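Biologist: I've got this one open on my screen and would love a close look at a single part of it. Could you walk me through how two of its helices sit against each other?

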Amino acid sequence: MPVRGSLRALALVLVSATALVAPAAPAHAVAPVERNVVLRWNEALLSAVRSGTLGPPMVARALAVVHTCAYDAWAAYDAVAVGTRLGGSLRRPEAERTEANRAEAISYAAHLAAVDLYPAQRAGFDALMTELGYDPAAPTGQPARTGLAACQAVLDHRHGDGSNQLGGYADTTGYAPVNAPMVVADPLTSVADPSRWQPLTYRNRAGALVTPPFLAPHWGGVASFTGRARDLADAVPAPAAYGTHAYRAQVAEIVSLTAGLTDRRKAIAEYWADGPSSETPPGHWSLFAQRVSARDGHGLDEDVKMFFALANSVMDAGIASWEAKRDHDSVRPITAVRFLHRGRQIPTWGGRVIDGATWTPYQAPTFPTPPFAEHVSGHSTFSAAAAEVLRRFTGGDTFGGETVIAKGSSLVEPGVSPAHDVTLRWSTFTEAADQAGLSRRYGGIHFLAGDLQGRALGKAVGAAAWERAQTYWSGRG
C-alpha cells in the first residue's frame with residue numbers, strides 16, 4: 001500500500017523498548033488505549049487539512065488556534081495554569097476540576113475553532129461532537145460555556161493577527177514577482193533575475209494548466225506566539241547571489257544529488273514531500289506527536305500541553321520561514337539549474353542525460369515545486385522546531401519511529417521506484433527532522449544553505465516556543 005497523504009497516519013509505527021509493531025498494522029493497533037479528546041480533535045483537524053487547500057503556514061496556524069483554544073479551556077480547570085488571552089479569569093472552583101469537565105470544555109472550544117477555520121468541514125466536526133456525547137447546538141453546561149468563552153477570545157485575537165483569515169488569507173502587501181512565469185514543459189531560455197523567485201506554469205492533478213502565485217507573501221507579519229519569530233528570521237544570513245561561486249556551487253550540488261538518487265533517497269524525497277491532499281509538514285509532526293502520546297501513555301493533561309507547545313512552535317516556524325522567504329525572494333533550484341545549464345547536457349535522475357534547460361526536480365509533475373521562494377526551507381524550519389519541542393517535552397531525543405514505503409509506489413516513477421519496499425527509521429526526533437530537511441535537497445526543491453539555515457532557525461523558534469508555553473501552564477504567562 002503506498003505511503004502518502006492520509007495513509008501516512010496508518011503507516012507510521014513505533015519501536016518500543018520491548019517490541020517492534022508490524023509495519024502493516026493500522027494506527028489504532030499501536031495505541032489500544034482509548035484516545036482522549038485532544039487526540040480526537042487533532043485527528044479531526046488533520047482530516048480537514050487533507051481535504052482542504054490551505055498551504056503549510058496556514059495549516060500551522062490552524063493547528064495552533066485549535067490547540068490553543070483547547071489549552072485555554074483546559075487551563076480554566078487547572079489549579080495553576082493560565083490562558084493565553086484571559087489569564088486566570090475563567091478558573092473554575094476545585095470541585096469542578098474533573099476529567100469530564102475538562103474534556104467537555106476542550107471539545108466545545110476545539111469545535112468552535114475548527115468550524116471557524118474549516119467551515120466547509122462542519123459536518124465532520126459536528127459528528128465528532130455527537131460521537132463524544134455533546135450537542136454542538138446546545139452548549140448549556142458550565143464546561144461548554146467556559147470552553148466557548150476561552151476559544152472566542154483566541155479567535156477574536158487571531159482574526160486580527162495579520163493572517164487575513166477573514167479575507168481568505170489573501171496577500172495584504174502587494175507582492176509581485178520580478179520574473180515572468182516559467183512553463184515547466186518548455187526549456188528555459190532566459191530569466192530577468194536569476195537570484196529571485198520565479199512562478200511556474202504546469203498541469204495540476206486535475207489536468208488544468210495553473211500558475212500559482214507566491215503563497216502568502218504577507219505571512220511574516222502574522223502575530224507570533226512568542227513575539228520573536230520575525231526577529232529570529234531577520235537574523236538568517238542571505239542566500240547566495242547569482243554570479244558568485246557559492247551560487248554555482250549550490251546548483252552543482254543539486255545536479256549531483258538528483259543525478260545520484262538511490263531508491264532509498266527517492267523514497268525519502270517522496271515520503272516527506274507533504275504536498276497537496278496531505279497533512280502538510282506541520283501536520284506531519286502532529287501525527288508524530290500522536291505516536292509519542294501512545295508510546296508514553298499520555299493522559300489528557302499531558303496531551304493538551306504537548307500539542308499546545310508543538311502547534312504554536314510550528315505556527316511560529318511558518319511565520320519565521322515565510323519572513324525569510326519574502327525578505328530574500330530567492331530563486332528555486334528549477335530556475336537556477338535551468339538558467340546556468342541551458343544548452344548543456346547534464347545528468348539527472350533516472351540515469352538520463354538531458355539539456356539543462358529542461359531539468360526538473362524529483363517531484364510529482366503535478367506539483368513540481370511549491371509556489372514560494374526557496375530561502376529558507378519551510379520543511380527544515382517546521383521540522384526542527386517541532387523536534388525541539390518534542391525533545392524538551394519528553395525529556396530526551398529518543399523517538400523510535402519508522403514507516404514503510406511500498407515497492408513501486410512512487411508518484412514520480414510509478415511502478416518503477418522503489419524496486420523493493422524501503423523502511424525509513426528515525427531513532428531520534430533530531431534524526432527525523434534532519435531527514436525532513438535533507439529530503440528537499442534530494443527532491444531538488446532546496447539548496448544546502450536553505451536547508452541548514454532553516455534547521456537552525458527552526459531550532460531557535462522551537463526553543464522560544466517551549467519557553468513561552470511553559471510560562472502559561474506554570475501560571476507565569
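At what angle do helix H4 and helix H7 pack, and how far apart are their axes?

Modeller: Sure, and bear in mind that this is a predicted model. Helix H4, residues 56-75, packs with helix H7, residues 142-158, at an angle of about 145 degrees. Their axes are 8 Å apart, and H4 passes H7 in a right-handed crossing. On the H4 side, the contact is made by Arg61, Val65, Thr68, Cys69, Asp72 and Ala73. H7 brings Gly147, Ala150, Cys151, Val154, Leu155 and Arg158 to it. Sort those residues by character and you get 7 nonpolar, 2 polar and 3 charged.

Now for the setting. H4 runs over residues 56-75, and Tyr71 is one of the residues that touch the most other members of the largest nonpolar core, alongside Tyr118, Trp272, Trp285 and Trp473. That core holds 117 residues, and its largest share, 15 residues, comes from helix H12, residues 300-328. Apart from it lies another core, of 19 residues, including Val191, Tyr247, Val331 and Phe339. In soluble globular proteins, nonpolar side chains tend to be buried together.

How far can you lean on the model? The protein averages a pLDDT of 93, with 93% of the residues scoring at least 70. Residues 1-32 are another story: pLDDT stays under 50 there, though the model has 68 contacts for them beyond four places in sequence.

Methods. Residues are numbered from 1 along each chain as its sequence is written. This is a predicted model: local features need pLDDT of at least 70, side-chain atom pairs count only at pLDDT 80 or more; totals for chains, interfaces and linings use all residues. Side-chain values use heavy atoms; hydrogens and water are left out. pLDDT is the predictor's confidence in each residue, from 0 to 100. Contact means heavy atoms within 4.5 Å. A nonpolar core is a set of buried Ala, Val, Leu, Ile, Met, Phe, Trp, Tyr and Cys residues joined through side-chain atoms within 4.5 Å. Buried means under 20% relative accessible area, exposed over 50%, partly exposed in between (1.4 Å probe, protein chains only). Helices (H or I, at least four residues) and strands (E, at least two) are DSSP runs, numbered from the N terminus. Axes are lines fitted to C-alpha atoms, for helices over the stretch in contact, and angles run from 0 to 180 degrees between N-to-C directions. A crossing is left-handed if the near helix is turned anticlockwise from the far one by less than a right angle, and right-handed if clockwise. Ala, Val, Leu, Ile, Met, Phe, Trp, Tyr, Cys and Pro count as nonpolar, Asp, Glu, Lys and Arg as charged, and the others, Gly among them, as polar.
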